[in-house]
Amino acid sequence: MKAIAIAVLWGLTFAVAYAAEPGRTPLPAIEIAKPGQCVEPKDVIRRDHMKFLRHQRDLTMHEGIRTKKHSLNECISCHASPKTGSVIGEGGFCQSCHDYAAVKPDCWDCHQPKPGQKSVAGARP
Amino acid sequence: MSERNDDRRKFLAAAAAGAGFVAIAPGIRLVEIAAAKPDSEPVTAKVRWGMLIDTTRCQSGCTECISACNKENHLGETTRPRTDAQWIRKIDLKELKTGRVLSLPMMCQHCANPPCVDVCPTGASFKRADGIVLVDRHICIGCRYCMMACPYKARSFVHEPHTDQNPEVPRGQGCVEGCTLCVHRVDRGGTPACVEACAAAGHNAMLFGDLNDPESAIAKRVREVKTTQVRADLKLDLGVRYEGI
């Protein structure tokens, strides 16, 4: 039993060592076209961006709150690839990481992955 | 109320009317206009958005409102008109006895007691506090009960996948949808695309505004002339009213 445990531990140590070594493991190709400060710290947004988006989505849909901070359109306008103009597809900011993590978000069934938000001005009678 | 205060009010009202959106800084305005709510504020029941359609001005054969709706919301992409989503449509009516004809646009009537909300099994069909009836596509399962419940045939099912959405108007296959009263424009102080197009075409048959604000053009108009709710017998308390039918 002890021997097995030690073997497993050894195996884990190697796995970690290999993962840390550059080139051994494929990493997502995250291109940041406009470097700058995200709306949240990097470690927070990486882990919790889906929570922010989900929270904002309900506020916008049901209460008409249209603040820009956690709006999906704002993410897209900052992160769209300069080559394809989109956050999905080859080298897309969202897709490259989600492919890596084997997560398939269904945002793009309805949402436009390219920026181009029109700000509507004009007064009512 | 002192005279001085009265003067000040008049000045503020004039400034609001003349200056429009005087911005000191982004989001902060010198004179806050009641209609344009700040982005961070939730909508309230103090406002009841409504529309008044003057059928005496609506021209038979004119489809400006439909084209504007399709353009704004990126509808009608496919070549299958029988199943394409339709948020607004034109109806021509004829009184058989007299031969009187009239034309009117028909769309979601934004009921205060919407049957689509009553029947929705998931809570996707809902009414916002300001009276706009919407479908939350995040919750919609595409069962189409609301389409059957709606007395105005105002809802459509999206049969085809879409890739050309307006970023402000997400829409995709498998959900039911209908007129949103251009909620993305209204929340920013604008008017629905159809109303704008009707005015641009010179017909001015559509009037949009806050029914709860006694000073608004629509509230004044419904106070002055006889307006009709379609199928008023259903007691749904509609946000869209018609004049001249």
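Two strands are taken to pair if DSSP finds at least two bridges between them. Helices (H or I, at least four residues) and strands (E, at least two) are themselves DSSP runs, numbered from the N terminus. The model described here is predicted: local features need pLDDT of at least 70, side-chain atom pairs count only at pLDDT 80 or more, and totals for chains, interfaces and linings use all residues. Residues are numbered from 1 along each chain as its sequence is written, while chains are lettered from A and ligands numbered from 1 in the order in which they are written.

**The sheet of chain B**

Strand β11 (residues 227-228) of chain B runs antiparallel to strand β12 (residues 240-243) of chain B, and two bridges join them. On the other hand, strand β3 (residues 49-54) of chain B and β12(B) are paired in the parallel sense, over four bridges. These strands belong to an open sheet of four strands with mixed pairing, in the order β10-β3-β12-β11 of chain B. Its edge strands are β10 (206-210) and β11 of chain B, each of which pairs on one side only.

The bridge partners named for β12(B) are as follows.

| Residue | Partner in β12(B) |
|---|---|
| B:Asp54 | B:Glu243 |
| B:Thr227 | B:Glu243 |
| B:Thr228 | B:Tyr242 |

Burial is judged from C-beta atoms placed from the backbone: a residue is buried if 20 or more other C-beta atoms lie within 10 Å of its own, exposed if 12 or fewer, and partly exposed in between. Both faces of β12(B) are covered, since B:Val240 and B:Tyr242 are buried on one side and B:Arg241 and B:Glu243 are buried on the other. Helix α7(B) lies across β3, β10, β11 and β12 of chain B and runs at about 110° to β10(B). For such angles, axes are lines fitted to C-alpha atoms, for helices over the stretch in contact, and the values run from 0 to 180 degrees between N-to-C directions.

**Nonpolar cores**

A nonpolar core is a set of buried Ala, Val, Leu, Ile, Met, Phe, Trp, Tyr and Cys residues joined through C-beta atoms within 7 Å. The largest one has 52 residues, of which B:Ile53, B:Cys65, B:Cys69, B:Ile88, B:Cys194 and B:Met206 touch the most other members. Elements that each supply at least two residues of this core include β3, β10 and β12 of chain B, together with α2 (64-73) and α6 (193-200) of chain B. The most, five residues, is given to this core by α6(B).

Two residues are in contact if their C-beta atoms, placed from the backbone, lie within 7 Å. Leaving aside its neighbours within four places in sequence, B:Met206 is in contact with B:Met51, B:Ile53, B:Cys65, B:Cys194, B:Val195 and B:Cys198. A second, separate core of 10 residues includes A:Leu72, A:Cys75, A:Ile88 and A:Cys94.

**Two loop positions in chain B**

B:Val225 is found in the loop between α7 (217-224) and β11 of chain B. It counts as exposed because it has 12 C-beta neighbours inside 10 Å. Its C-alpha atom and that of B:Asn70, 155 residues apart along the chain, are separated by 31 Å.

B:Gly142 lies in the loop between β7 and α4 (145-149) of chain B. With 13 C-beta neighbours inside 10 Å, B:Gly142 counts as partly exposed. The C-alpha atoms of B:Gly142 and B:Cys175 are separated by 4.6 Å, although the two are 33 residues apart along the chain. Apart from neighbours within four places in sequence, the contacts of B:Gly142 are B:Phe157, B:Gly174, B:Cys175 and B:Val176.

**Chain A and its contact with chain B**

Chain A has four helices and zero strands, giving the pattern α-α-α-α along the sequence. Of its 125 residues, 21% are buried. Among contacts in chain A between residues at least 6 apart in sequence, 48% join residues at least 24 apart.

In helix α4 (residues 93-101) of chain A, the residues A:Phe93, A:Cys94, A:Gln95 and A:Ser96 are buried. The buried residues of α4(A) pack against α3 (72-79) of chain A. Just after α4(A), A:Ala102 adopts a positive phi of about 55°.

The contact between the chains takes 22 residues from chain A and 28 residues from chain B. On the side of chain A that touches chain B, the largest share, four residues, comes from helix α2 (residues 42-63) of chain A. The residues of that side divide into seven nonpolar, nine polar and six charged. In this division Ala, Val, Leu, Ile, Met, Phe, Trp, Tyr, Cys and Pro count as nonpolar, Asp, Glu, Lys and Arg as charged, and the others, Gly among them, as polar.
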